[in-house]
Amino acid sequence: MVDSHVRGVQVKENIKFTPSLSEQRHKFVLDFVRKHKPQKIPCSLKTSLSSFLRKVADLGCANCKLLWRLKYHESIEVLAGLDIDENILTRNIYRLHTGAGDYLDPRERPLTITLYHGSVVEKDPCLLGFDLITCIELIEHLEAKELSQFPEVIFGFFSPTTVIISTPNSEFNPLFSGKTLFRHPDHKFEWDRTQFQSWALDAARHYGYSVEFTGLGEPPPGAEAVGFCTQIGVFVKTIPNTVKSLHDEKTIECAHTTVGTVIYPSLKEEKYLRKAVSNEVFSQILKMKRVLLESLKMKNDNDNSDELEFVKPKCDESKNDPTEEIPKPFCIENVFYVPLERLFSFPKIKHLCGDLETLKMLIANEVMLSSDGSSVMINTVDEEDCDLSDNDGDDLRFV
Ligand code: SAH
């Protein structure tokens, strides 16, 4: 039946996809996660699907590449990977380790990644309460008995909000040159679209999910009837879990062993938030100081008199400038004062701190504050390019 659609198409060399089908499958998951960011959806429109994906698990995670790609998504706070092959996990966990960049520029939200060794058909409470579970090219590796247990464990027990399952579409196989029974020696079966869709619809109906089908890897012109090379089912839970059912299931014993856990630094931890705020504060102060010094230098170059005055801006923008009301930095003798209110007006600092009191608390140990606590004080004679000591004690202000 399938062959008759395909017969007319000459396949000269093995079909190759660019990017590779494996990358396309991962991108499909990443796009799905990206689509379900919280801030873009008004609360009034929220459904079970539009709630954002905070906890994501990849079952049959193999070389951990999908997890590695997912860890860059700010909305995810918990990532879990499971595979029956312990070696592949220990060999690839390095992909998930933290690097210097994670400490220099910490995430806003916390992230914990855990790899588990075990079988997808074992009920383990560590995979309860997830927003998304992905099974990318996994089910075709399961023996008949495991496949029969799979829906009860995934949809019935783990019962995540969403599930993405991908598997080869066997109707596409005749288009590959050098025929073998299956695409991979470990595959126990490969389904056509009817087989996959009827299995998926049965599982969805039984466990209270809806399912939509799609795919990746277009067939070549003339062979459109075979469908995509990879078939995908996206399941969305239609009946929410009760708190009680989740609680009861947590008493079940663990079946999986933990291969490793990686905890990422985040701005939710005060020490990293303090550092991020201080870095931003110092960087803004240095910029302001540079502007002040340039303004002084220009004036001095144009004026032979010893008196120092600030150069006024070329055009008067003050009428339209909303920051005009905010106290400006100023210099008294060798000390450069930057009002906290001014620092707080920088969007990044405001975003990190939330309010002025938090800004003050976070930088209190990193900078010197004026006696009334309203400004950061920087001694300009410490740095040769910032020496304002020749200003004869004038009170210098930004204008
Ligand atoms: N998801 C991966 C590739 C999957 S290959 C990707 O996107 O690239 C299938 C993986 O499933 C293999 O790593 C295999 O070890 C694992 N696997 C097979 N049977 C399993 C089972 N019962 N439980 C958990 N993992 C299993």
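1. In this predicted model, a polar side-chain atom of His26 is placed 3.0 Å from an oxygen atom of the ligand, and I would begin any reading of the binding site with this pair. Asp83 makes a second approach of this kind, with an N or O atom of its side chain lying 2.6 Å from an oxygen atom of the ligand. Both distances fall within the 3.5 Å cut-off that is used here for a polar contact.

2. The backbone also takes part, since a nitrogen atom of the ligand has a backbone N or O atom of Ile84 at 3.2 Å. As for the cover that the protein provides, the ligand on its own would expose 580 Å², and 85% of that area is buried by the protein.

3. Which residues stand closest to the ligand? Among the 15 residues that surround the ligand, the closest are His26, Gly60, Asp83, Val120 and Ile136, so that His26 and Asp83 appear both in this list and in the polar contacts described above, His26 at 3.0 Å and Asp83 at 2.6 Å. Sorted by class, the shell around the ligand is made up of six nonpolar, five polar and four charged residues.

4. The ligand sits in the largest pocket of the model, and the space in that pocket comes to about 1000 Å³. The lining of the largest pocket consists of 42 residues, and those that lie nearest its centre are Ala62, Ile136, Glu137, Glu140 and His141. Ile136 therefore deserves a second look, being named among the residues closest to the ligand and also among those nearest the centre of the pocket.

5. Where does the lining come from in terms of secondary structure? Two or more residues each are given by α2 (21–35), β1 (55–59), α3 (65–70) and β2 (78–83), and the largest share, five residues, belongs to α2. By class, the lining of the largest pocket holds 17 nonpolar, 11 polar and 14 charged residues.

6. Two features of the backbone should be checked by eye. The peptide bond that joins Thr18 and Pro19 is cis, with omega at about -10°, and Pro19 is found in the loop that runs between α1 (2–6) and α2. Cys64, which lies in the loop between β1 and α3, has a phi near 65°, a positive value in a residue other than glycine.

Conventions
Residues numbered from 1 in each chain as written. Predicted model: local features only at pLDDT ≥ 70, side-chain atom pairs only at ≥ 80, totals over all residues. Heavy atoms only, no water. Near = heavy atom within 4 Å. Polar contact = N/O pair within 3.5 Å; in protein donor to acceptor, adjacent residues only side chain to side chain. Areas by Shrake-Rupley, 256 points an atom, 1.4 Å probe, with all protein chains shown as cover. 1 Å grid on protein atoms, 1.4 Å probe; cavity = no way out; pocket = protein on both sides within 12 Å on 5 of 7 lines; lining within 4 Å. Sits in = over half its atoms within 2 Å of the grid points. Nonpolar A, V, L, I, M, F, W, Y, C, P; charged D, E, K, R; others polar. Points joined across faces, edges and corners; volume = space filled by probe spheres on them. Helix = DSSP H or I, 4+ residues; strand = E, 2+ residues; numbered from the N terminus.
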